[in-house]
Structure formats: C-alpha cells, structure tokens
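Subject: Structure handover

Hello,

Here is the structure I said I would pass on. My notes on what was found in it follow below.

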Amino acid sequence: MKLPAAVVATWWLALGLGSIAHADNDEGQSLEEHRDVGSISEVHQVVMTVHRVQAQPNITASQRQQDEKTRLLKLMDRRNGKWTPSHPRHRLLDALHGFLKYKDSQGAELNRLRGLYARVSKSQKALLDHHIAYSSKFDEVERKLARNQALCDSIVDSALDFYQVPYWELTAHVREKESAGQAADRISVSQALKHIVRDWTAEGEHERNSTFACMLHTLTQLFPHHSSTIDPITVLLPGAGHGRLGHDIERLGGFEVTINEWSMYMNVAYRFLEEHGQALKHNFYPFVEGWSHHATDADMQRGLSFPDVDLRPEAVLMAEGDFTTAFNQQNGHYNVVITYFFIDTARNLLSYFDTIKKVLKPGGHWINLGPLLYGTAPFVQLSLEEIVKITEAMGFEYQETDERCGDLTLEGAKVRGMEAIYGFDKKALTKNAYNAQFWVARRQ
C-alpha cells in the first residue's frame, strides 16, 4: 500500500570508464570509496520520486488470530448452548462484574478493618496516630484502591470491545446478580491482578528466572536449529495465565506458540495486555489489598509498572476455553506441549493426559514443570510415581534432562525437582515455594 505523501530524493550517479557507482552496491561502502573506481567523465542529476511502502503483515499469523476470534465469538454467542453459569458468555460477564466492582468489594473489606480498629481504646489510638499516623492509612489505602479501579475499568472497556459485548448487557447482568444477592468475586480479580506482577513486571522476574530458564534451555536443546527452521515448531501451553512464558518462547525464534486459558478473569486481563502492551505504560498497587507480611508500610503501598517489556499480540495466539475440548480438531498438531504449573488443576487428570497425547505429533515432546497441589474435588489424585507409571503405559517415554533443572526426585526415574517460588511479592515477610517437578516425555 502506498502512502499518499511522497518523499523526493535526489540521487547523483557517477559514470566513468565503464563503471557505475550504485547506491545499493556493497553494504556499508561509502560514496567516497565508490569514487575511487575511476575518474568521472560525466555527471547526471536524476530526480526520483520514492514512495514509502507499508510492510505487508504476516498473513499466516493474522489469519490464525482472525480464525481464533471467529471461533471464540461463535462460542460466546448467548444462543450457543444452554444459558447457565458455565456458559462462556456468562463466565465472561461474571468476570467483568468482578472487575467493575473491584473497589466496592475491596472497600467492604477495608470497612471491616476500620470497624475492628474502632475497638481500640482512645489512648491506644492516640499512641498509634501520634507516632505512625495509623488512622490515615485507611484513607491512603482507599485512594490506591481507587487507582486500581481505574485500571480495572480499562480492563472492562477493553474486554467489552474485544468480545463485542454491549455495556447495557453487562449492567443488566450485574443488576440481576446483585438483586439475587450474588456479590462480585473479589478474590479472583485480586489473583488476576497479582498474576500481572508475576508475568509482566520486573519484580516478577525473581519468580520467573529459574523456572523459565529451565524451560527455554530445554527447548533449545530439543530444537538446536529452531531459529533457522523453515517450518515453525508448534508449541501449545495450556493454563498459560497471562502468557509471559509463551511470549518468551516465541522470542527465541522459530516457534509458533499457542497459549490456552480457561479463567475469564485471566483472559480479560490478557486481552487488555494485548491491546495496551507498550512497555511500562500502566501502573497499579497490587499489594495494597493485604495488610500482612510487610516489612514497611511503603512495601505494602508501593506501585508497580507493567508490562516490563513490549508485548506483541500478533506473535502469540491465545485460544480460550477448556483444554480438554478446545483442541478437538487439532489431533497430532503440536511438536511440543508445555504444562507449566498446570496438571494439578485438573478435575480429571487422566483427561489431561489423554489430551496431551492426542494433540502431540508422534515423536512430539511433553514438557512439564510444576507442583502436585490438587484442588478440592479432583476425580483422581496421583503421586509423582503413579503419574510416571500411568503415562509410560499410555506411550510416553521419559527423556534424560539437564541437571540445571534440579536433582532427580525418584530413583530410576528421569524426573527432577527444583524450587519454584510462587508468592507474587518479592518483598514480603513470607515465602511460598514448591518443589516443582520437571520432566520431558516423548510421545512414541
């Protein structure tokens, strides 16, 4: 596509003794060096009109994005299936309800804390206020919750646009929920915001560093010529949250990355990041909601900027939905499936294993890193040893792995354990970490 404005340039071409000095001759060679070719016998002034041509988009990448959005909007149609709380559009509206009412929900908790403080005696309040101005802390927290609400409002606006949901539909949903006494989900919104810390802030790097390094190193070992491959290496990451690992893999070069997430609280925040992914463009106060485990008041109230690097939405495909059903049409499609902090989220762990095997190409690799912290109602809860036995029986062959990904966990098994921090707040006076289990298994 030509731009309407033209840039006029004057080129001087020197012709002499059968030699022509071309502007595109020998990259990096100066005009002075060209003049040494021979004496100039004739000089022509040539006026050329040069039009800037817009770079053509990556047709393959943009088509993948468009095809997925078409599928997603069809799935989101209210007429698609029964209208229940499990309907994708219903779950979307529930999530938007949570973000829309963030400050109200957090404000209710703040008021509870104010009520508890009211029980402190007058002399004790005087001591607290004189030395640390404790009463003013409630007002400062409230102001920063309002700043967080502004971010949540932007997330809602971005989601309404992306999912093509009219605002009146959201407000009607909110009225219906609240008239039925169903409050917005405060915890899920808070967790979605804290995952931004983990995935897309500089402070989150201390949690990403060792685990991401293991995964990225493993991929480069499996595919040493990844950056020069003609056909891209297809990678799927289910349970990807806000997608940072997927984007870091794509930056290695040669990998076509698809990320997948079921939680609409995570997805609407990711769609905001896709649309507004300029580095350090946004600020929020992710720790102001919790009053425990802080060394200083400043730590609790500190703000963070995100994302820490530019996010390229066209580089990675987000496919929303249940991992066990969203890829039914992609049997044998992927070279690699990476389950990062994921398999223990399963209601039916065996269904996860079946899906991993189904979507992998024969000879494809399953890379896992994460804990085995099962939820409250899984159908089966397998030990690490049982997982190895079952998946080997299903046709997975465990591979040798690099010792930088931890020490061997089971005698005779090629599974390693490494410490994986999972706490969101690097300055907190508490530490949460797992002995995360790492393996590479090849589908036979």
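How many of the eleven residues of strand S10 are buried? Nine of them are, and the strand, which runs over residues 360-370, is mostly covered. Please keep in mind that this is a predicted model.

S10 has a partner in S9: the two strands pair in the parallel sense, over six bridges. Within S10, His365 stands opposite Val336. S9 covers residues 334-340, and this strand is among the elements that give two or more residues to the lining of the largest pocket.

Pockets

The largest pocket holds about 1200 Å³ of space. Its lining is made up of 42 residues, and those closest to the centre are Glu261, Ser263, Met266, Phe341 and Thr345. Besides S9, the elements that each give two or more residues to this lining are the helices H3, H8 (186-200), H10 (244-250) and H11 (264-275), together with the strands S4 (233-238) and S5 (255-261). H8 gives the most, with seven residues. Sorted by class, the lining of the largest pocket has 22 nonpolar residues, eleven polar ones and nine charged ones.

The second largest pocket has about 580 Å³ of space. Among the 25 residues that line this pocket, Lys194, His293, Gly423, Asp425 and Ala428 are the closest to its centre. H8 appears here too, with the largest share of the lining of the second largest pocket, five residues. That lining divides into eight nonpolar, eleven polar and six charged residues.

Cavity

How many cavities of 30 Å³ or more does the structure hold? There is one, and the volume of the largest cavity is about 50 Å³. The residues that line it are Gln106, Glu109, Leu110, Leu113, Val141, Leu145, Val288, Glu289 and Trp291. Helix H4 (102-117) and helix H6 each supply at least two of these residues, and H4 has the largest share, with four. By class, six residues of the cavity lining are nonpolar, one is polar and two are charged.

Two residues to look at

Asn148 is found in helix H6, which runs over residues 134-162. Is Asn148 buried or exposed? Its relative accessible area is 1%, so Asn148 counts as buried, the cut-off being under 20%. The side chain of Asn148 reaches the backbone nitrogen of Tyr285, at 2.9 Å. Apart from residues up to four places away in sequence, Asn148 touches Tyr102, Phe284, Tyr285 and Val288. Val288 is also one of the residues that line the largest cavity.

Arg78 lies in a loop, between helix H2 (59-76) and helix H3 (88-100). Why does Arg78 count as partly exposed? Because its relative accessibility is 37%, and partly exposed covers what lies between the limits of 20% and 50%. Which residues are in contact with Arg78, leaving aside its neighbours within four places in sequence? They are Trp83, His87, Arg89, Leu93 and Glu169. As for Arg89, it is eleven residues from Arg78 in sequence, and the C-alpha atoms of the two are 6.5 Å apart.

That is the end of my notes.

Regards

Notes. Residues numbered from 1 in each chain as written. Predicted model: local features only at pLDDT ≥ 70, side-chain atom pairs only at ≥ 80, totals over all residues. Heavy atoms only, no water. Buried < 20%, exposed > 50% of the residue type's maximum accessible area, 1.4 Å probe, protein only. Polar contact = N/O pair within 3.5 Å; in protein donor to acceptor, adjacent residues only side chain to side chain. Contact = heavy atoms within 4.5 Å. 1 Å grid on protein atoms, 1.4 Å probe; cavity = no way out; pocket = protein on both sides within 12 Å on 5 of 7 lines; lining within 4 Å. Points joined across faces, edges and corners; volume = space filled by probe spheres on them. Nonpolar A, V, L, I, M, F, W, Y, C, P; charged D, E, K, R; others polar. Pairing = 2+ DSSP bridges.
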